[in-house]
Amino acid sequence: MSQGRNTDVNIAEADRLKAEGNELYKREEYDAAKQKFTEAIEKNPTNAILYANRAAVHLSKNESLDAVWDCRTAVELDPTYARAWGRLAAASHAWSECISAWEKALECLSKLGRLTPAQQAMKESFALGLKKSKSDMVKIQTSALIIPEDSLRSGMLPWDVAKGMYERTVAERPTEVKPSCIFLLHSAREDFNKAMSHLDELRNVENAQGQTSLRGSLTTLEYLSDAILADKRVFGVRVGEFYDKIRMQCNFENNYQRGWIMSGGPATIKKEALERLEIEGWASVRPALAVTVRIWVFTAWFRANLEGHFDFAHEMFMNAVDVLEWGRNQWPDVSKDDRGAIFERGFIRSVKLMYLEAIHESVYRNGPTKFTSEELVQYAESVIEDVESDPDSPDTFFGHRLAFWMYPKGIALSILGWSYFKEANHSSSDGAPSIFETASKYYLQAAQNFPEDDEYHVRFLVKALECLCGMGTVPLSKTLPLCDAIRRAFDQAMVIWGASPYGETLKTNLSRVDAFEAEHRRLISEGRCTLDSVTGRLPAARA
């Protein structure tokens, strides 16, 4: 974001605009207030208060990226400005910056001596903010799977097995190839491995004058984001060492490509991208937009899954989708080679799917607080609609079809199934059966969007069976055949997904199905029920 510095400084006019902005802010007319503060900054670009005031507007509009940028500028202009430090802390989603800013805000106030009542209230607010941030930091929730060391050394993790199976398939060149998850797993893991290899190239280099600078690959984030957008299950790192390295890589690529990671949100990007395009062309704008969006997407996904920062993920994914849809509409006739792969419909859909999964994880863990169940359902339906309105080409590589058509639709359908299953469990006995039935249909449709050897296929078939059992009206003639289908899929999935922790989940699901089937076949053999008898409940998973 440009600070608007120019030679036409007019302090009196800036003060007048600031006063108007303050009044508009009090009336919650935030867009108009932001415009006034922006005009004031143009008249007096070294006034820290103006940036802090505009940051307050951004915070009210949940535009934390822009708020952070304005607050950083304010404290750069006036390092003693406590209120700006406090707003920086409120806006930042990075624990280190957030806590440091709260501490800096309190330090600034401590140097003022006797505080006014307003300053004392500010101090108490900052102290509470610091306490809450420290408390929240230790409550980090992760949805990441922990892969045991023996599985890592076994060479039998899903992507290892997929690689061998893929290479044999290519070598044998069969006339007919059965749909399999190996095609996507292999290609996604190959992208991930390239990203990790390129990440290792990042290092500080010293020149003849003794100055150091970072040198590395400029395609690391492209490979990394492509990998997790295709299939996030291929991601696996030792978090501690990875976190510092990827942060440096993001800064390196962003600085080299002149991205907008440290410069504000979508509004800034839209304005400056058009200005830069007119002067410098696509060779400059394409990599700048790409690196910005890819960093947003990866950081949002990583922070949501590893640290439970769903608020941060929400804003980053929304920013990414905002810029992506704007760019696709802004340059509808510009070729992929010029505007870049990020504006392709499949890429945008994959980002939307990640956002949907972040909403789902938030509702699952925290309940309908930040996001409502209705919003979750609506967003899932929009992903399904997007897939169905964008048919793939018959000659599309199967792994590509899985990544950008079948998996997004399958995951979205499963989230609809989960939503209705949750609703059914909280409904009256009269209303629950029809809701369970709807949930089962969504889970069955979800399973059909995954190859039979994918662990997702097994998982969603089991959930469909659980929903059918929950209805209390479905005969065994419908549920027992589904048990057979689950067992067949289980045998195929275990070949690829048998290593821990995936194999344990598959075995747990099958044990529930086995117990259900064994009990009801025993009852049939004893003449105590028939295939027309109503199905009993599916046993709960053991803790």
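Select Phe192, Phe235, Phe242, Tyr243, Phe298, Trp301 and Phe302 and show their side chains: these residues form one aromatic cluster. The model on screen is predicted. Across the whole structure there are 31 aromatic pairs.

**The core around Phe317**

Keep Trp301 displayed and add Phe317, which touches Trp301. The other residues that Phe317 touches, leaving aside those up to four places away in sequence, are Val297, Ala300, Val351, Met354, Tyr355 and Ala358. Phe317 and Leu289 are the residues with the most contacts inside the largest nonpolar core, which has 135 residues. Now colour helix α14, residues 282-307. This helix gives the core its largest share, 16 residues. A second core, separate from this one, has 33 residues; select Ala14, Ala48, Leu50 and Ala101, which are among them. In soluble globular proteins, nonpolar side chains tend to be buried together.

**Two stacked pairs**

Next, select Tyr420 and Tyr442. Their rings form a stacked aromatic pair, with 5.6 Å from centre to centre and 25 degrees between the planes. Tyr420 belongs to helix α19 (residues 398-425) and Tyr442 to helix α20 (residues 432-448), so the pair ties together parts that are 22 residues apart in sequence. Tyr420 is partly exposed, at a relative accessible area of 24%.

Then move to Tyr456 and Phe460. The ring centres of Tyr456 and Phe460 are 5.6 Å apart and the planes are at 5 degrees, so this pair is also stacked; the cut-off for stacking is under 30 degrees. Both residues are in helix α21 (residues 455-471), and being 4 residues apart they are separated by about one helical turn. Tyr456 is buried, with a relative accessible area of 8%, and Phe460 is buried as well, with 5%.

**Charges over rings**

Select Lys463 and Phe421. Lys463 lies over the face of Phe421, 4.2 Å from the ring centre. For another such arrangement, go to Arg303 and Phe312: Arg303 lies over the ring face of Phe312, at 4.1 Å from its centre.

**The loop between α19 and α20**

Select Ser429, which is placed in the loop between α19 and α20. Ser429 counts as exposed, at 65% relative accessibility. Add Met471 and draw a distance between the two C-alpha atoms: the separation is 9.4 Å, although Ser429 and Met471 are 42 residues apart along the chain.

**Cysteines**

Select the cysteines. How many disulfides does the structure hold? The number is 0. Cys108 is in no disulfide, and the nearest cysteine sulfur, belonging to Cys71, is 13 Å away. A disulfide is a covalent bond between the sulfur atoms of two cysteines. Cys108 counts as buried at 9% relative accessibility, and Cys181 counts as buried at 1%.

**Zooming out**

Finish with the whole protein in cartoon view. Its secondary structure comes to 23 helices and 2 strands. Along the principal axes, the C-alpha atoms fill a box of roughly 95 × 55 × 45 Å. Of the 543 residues, 50% are buried. Where contacts join residues at least 6 apart in sequence, 68% of them join residues at least 24 apart. Switching to a surface shows what the protein exposes: about 26,100 Å², of which carbon and sulfur atoms supply 51%.

Definitions and conventions. Residues numbered from 1 in each chain as written. Predicted model: local features only at pLDDT ≥ 70, side-chain atom pairs only at ≥ 80, totals over all residues. Heavy atoms only, no water. Phe/Tyr/Trp six-rings, centres within 6.5 Å; stacked < 30°, edge-to-face > 60°. Buried < 20%, exposed > 50% of the residue type's maximum accessible area, 1.4 Å probe, protein only. Lys NZ or Arg CZ within 6 Å of the ring centre and 35° of its normal. Disulfide = S-S within 2.5 Å. Core = buried A, V, L, I, M, F, W, Y, C linked by side-chain atoms within 4.5 Å. Contact = heavy atoms within 4.5 Å. Areas by Shrake-Rupley, 256 points an atom, 1.4 Å probe, with all protein chains shown as cover.
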